[in-house]
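Colleague: I'd like a close look at one part of this model, the stretch where a few helices pack against each other and the loops that follow. Could you take me through it slowly, starting with what the database record has to say?

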Amino acid sequence: MGGQKFQYDESGGTFFYFILSFLALILIPATFYFWPRKKKEDPERFKAECQCEPCNKKRILISHSDPYKGVKAFFVKVLIIGGWALLAFLTYKVSQFDYEMSNFDPYEILGVPLGSSQKDIKKAYRTLSVILHPDKETGDEKAFMKLTKAYQALTDDEARKNWEKYGNPDGPGATSFGIALPSWIVEKENSVWVLGLYALVFMVALPTVVGTWWYRSIRYSGDKVLLDTTQMYFYFFHKTPHMALKRVVMILAASLEYDKRHNTQVVERQSDNEEVPMLIKQLPNLNEKCKELPLCRMYSIKARAILHAHLSRMALNPHTLDKDRQFIVKKCPYLIQEMVSCVNQLIMLAYARRISKLPTIETIENCMKLSPMIIQGLWEFKNPLLQLPHVTEEHLRYFISKKPPIRNLQQFAQLPAEESRLVLRSLSDFEYENVMKVLGRMPLIDFSVKCEVVDDENSNVVTAGAIVTVTVELVRRSMSELFGDVTAKEKQGITEGKDDGDEGDDNGGDSAVAAAPKDEKEEAKAKKPAWQPKAGGKGHKGKSKGAANKNRHRQAAAAAAALAQTQASKVEKNKINEKVRKEESDADSGAESDNDLSSDEGKKSSVEDDDVEWEKFQQKINKREKLEGKSKVSHPVHCPLFPEEKYEYWWTYICDRKSRTLLTAPYHVTNLVHREEVALKFTAPKWPGVYVFTVCLRSDSYFGMDQQVDLKLDVKEAAAIPTEHPQWDISDSESEAGEQQANESEFTTDSSDAENDDN
């Protein structure tokens, strides 16, 4: 066997092939993904959007948010076009290469047919040698050497044997391995430059890029929040379990994203020394004299002042402080979501006895309230009607003066067109059209709850310690469906506030697992907001609180009686069916064929039941996979004071209002386009009794869209453990009284309501 050696590409042909294929692999997908494309503007969509002055300014701001966008697009086009030009040049270059044939054929070189005689071969050789001899004008040294080798292969016996055996008149040659690199790479005079290039790429550039990426990635969490900021959130929320809303604003302003030492995007100006103190003087209750770190740092005070000015809708210098406002407000949604996550983790740690202080439900809800405040640029005590364009504090007196007064968006949407135009008579037709456009596109959520125990045989019975699955169904509609519908109070879909002490009284009956009855759901959707006067005040003298409670108890008793009657009829029906089944089995016991037939039918029915259960299980798995792969695309939000495009997101969770605790982690719904289902799971209380929980839905973009539904659970005693399995015996070291006391510390039962229902 011949030797082996590596050969570099002397002519550069194979190297061109390598570059051609490599460039094509990069250029084709890069052209598809990175070629700049102009967004097609839909004129119909533009007409449907709000045309108020703040919205027009926001569109201009977004279009100019990247000043180098046109330059970047130009260079990307030049780079892609240059790549395709280079690809075309390489293709042409490769097509011009003239390679020797890998198979040596002397007959083809001499131009004689296969099997020609020696006389014809010599004649052809003499004829071509006269033409190709190097001494002649038409001579070609390379072609003449090839011709001579072909003549020897056909006339010399040894050369002929080598050609027939090895394909080469010179005998077996060395096995060569070609490398698609030009030979100048390994030339001695170029070795220093080649080694220097390798060292620059693999020892300097590559470690620098990887190190920079790693250093930046370890500083941020998955939601683009600095880990130092997350640690600060944990500290403050653990220190203050019950945190007021203004305190939450202070913690948000102290985020390290606004500190230039942690974020190079922060801009500090010389004019801040004059403008920030003047702004602080105009803002009451800023608490700028707080001595707590990092709340007392200048970056935190500046961010807090700008947030207060944003929530008060104060005009700022467009060249300085307003740019800072846009930068600060833009990062708030990510930071607020991180706050909610931190409080939720602290609550879970408190349940696991890892920490001693349990954050209250008010703390996490105050974090959620802050999100629509930032998006809409309003304090929480402001009227939700101020979210509409052109509506100011001066226009609110027209809404209040109407009989009955209009206090929320749903009531305003239900007005007939003539009355709504009369209320906004101070606005022009163009402004009124913008108001109705925005109002019609606002969300109207149908919020329904279904409760079950998935793993148990009877999914409608909750036993102590069982895993309860609450399926929350959200159907998104537009507020335009309420236009002029005066009678559609139940379509408002908004749960308005009520006293915590009255929670649980609206739902009666001893239902095993049930949300509020249908009538009570409709009442819950029409409840009053927290700022609306309660029943029993002016204008409601005829309805006392005691009468309302009596009516609720009557409805609860009626619902309980109807449910008890239904359950009794079901039990009686089951007994009759069992008796008939027993008689039929006794009558047919003598016939073996009938027994076989009945057994076959039983097997068939059991198989069908298994198929149904398997289908339900697969549906739940598919639903879970769908939720895990959720996107973040929803309906756009009208928020002219927020500097970016914002989409509707929602939080849904279950809590216990009486014990002020959170039962499930807040689920962030980010893909509610038309309909969405969310499964919330929690462990049922350890002790039997009637419990009233609250299923909440909160918007992160709008005021007045929050909803809540009361969920009543009648927890039954768990089934006894079979005694024939001694390995399952559980020691009774703890007394029942101790278990009950521990259980009451986690959940609050509604025993008084249960007694009233039984009565």
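Modeller: Sure, and let's start with a word on the record: UniProt positions are given here in the numbering of this structure, and such annotations may be inferred rather than shown by experiment. Keep in mind, too, that what you're looking at is a predicted model. With that said, the UniProt entry, which is unreviewed, gives "transmembrane region" for residues 15-35, 74-92 and 192-215. Two of those spans can be set beside the model. Residues 15-35 come out as 95% helix and 0% strand, with 28 Å between the end C-alpha atoms. Residues 192-215 are 100% helix and 0% strand, and there the end C-alpha atoms lie 33 Å apart.

Before we zoom in, here's the whole chain. It has 24 helices and twelve strands. Of its 759 residues, 38% are buried. If you take contacts between residues at least 6 apart in sequence, 72% of them join residues at least 24 apart.

Now for the part you asked about. Two packed helices are described by the angle between their axes and the distance between the axes. Our opening pair is H10, residues 227-239, and H11, residues 245-253, which pack at about 155° with their axes 10 Å apart. Angles over 145 degrees count as roughly antiparallel, so that is the label for H10 and H11. Their crossing is right-handed. Who touches whom? On the H10 side there are Met232, Tyr233 and Phe236, and on the H11 side Arg247, Ile251 and Leu252. Sorted by type, the residues of this contact are five nonpolar, no polar and one charged.

H11 also packs against H14, at an angle of about 115° and with 11 Å between the axes. This crossing is right-handed as well. Here Val248, Ile251 and Leu252 of H11 meet Cys332, Leu335, Ile336 and Met339 of H14. These divide into seven nonpolar, no polar and no charged residues. Look back at the two lists, and you'll find Ile251 and Leu252 in both.

Let's stay on H14, which runs over residues 321-351 and includes Asp324. Is Asp324 buried or exposed? Its relative accessibility is 8%, and since buried means under 20%, Asp324 counts as buried. Leaving out residues up to four places away in sequence, Asp324 touches Val267, Arg269, Asp272, Lys302 and Ile306.

Next come the loops, where the backbone does a few less common things. Most residues other than glycine have a negative phi, and most peptide bonds are trans. Start with the loop between H12 (272-281) and H13 (298-311), where Pro294 sits. The peptide bond joining Leu293 and Pro294 is cis, with omega about -5°. Asn287 is in that loop between H12 and H13 too. Asn287 isn't a glycine, yet its phi is positive, near 55°. With a relative accessible area of 42%, Asn287 is partly exposed.

Move along to the loop between H14 and H15, and you reach Arg353. Arg353 is another non-glycine with a positive phi, this time about 65°. Its relative accessible area is 64%, so Arg353 is exposed.

Further on, Pro404 lies in the loop between H16 and H17 (409-413). A cis peptide bond, with omega about -10°, joins Lys403 to Pro404.

One last stop: Leu385, in the loop between H15 (361-376) and H16 (396-401). Being in a loop doesn't put Leu385 on the outside here: its relative accessible area is 0%, so it is buried. What surrounds Leu385? Setting aside neighbours within four places in sequence, its contacts are Val391, Leu396, Phe399, Ile406, Asn408, Leu409 and Phe412. Leu385 and Leu439 are 54 residues apart along the chain, while their C-alpha atoms are separated by 9.6 Å.

If you want to trace this yourself, begin at Ile251 and Leu252 in H11, follow their contacts out to H10 and then to H14, and carry on to the loop that holds Arg353.

Methods. Residues numbered from 1 in each chain as written. Predicted model: local features only at pLDDT ≥ 70, side-chain atom pairs only at ≥ 80, totals over all residues. Heavy atoms only, no water. Axes fitted to C-alpha atoms, helices over the stretch in contact; angles between N-to-C directions. Helix = DSSP H or I, 4+ residues; strand = E, 2+ residues; numbered from the N terminus. Parallel < 35°, antiparallel > 145°, perpendicular 65-115°, else oblique. Left-handed = near helix turned anticlockwise from the far one by under 90°. Contact = heavy atoms within 4.5 Å. Nonpolar A, V, L, I, M, F, W, Y, C, P; charged D, E, K, R; others polar. Buried < 20%, exposed > 50% of the residue type's maximum accessible area, 1.4 Å probe, protein only.
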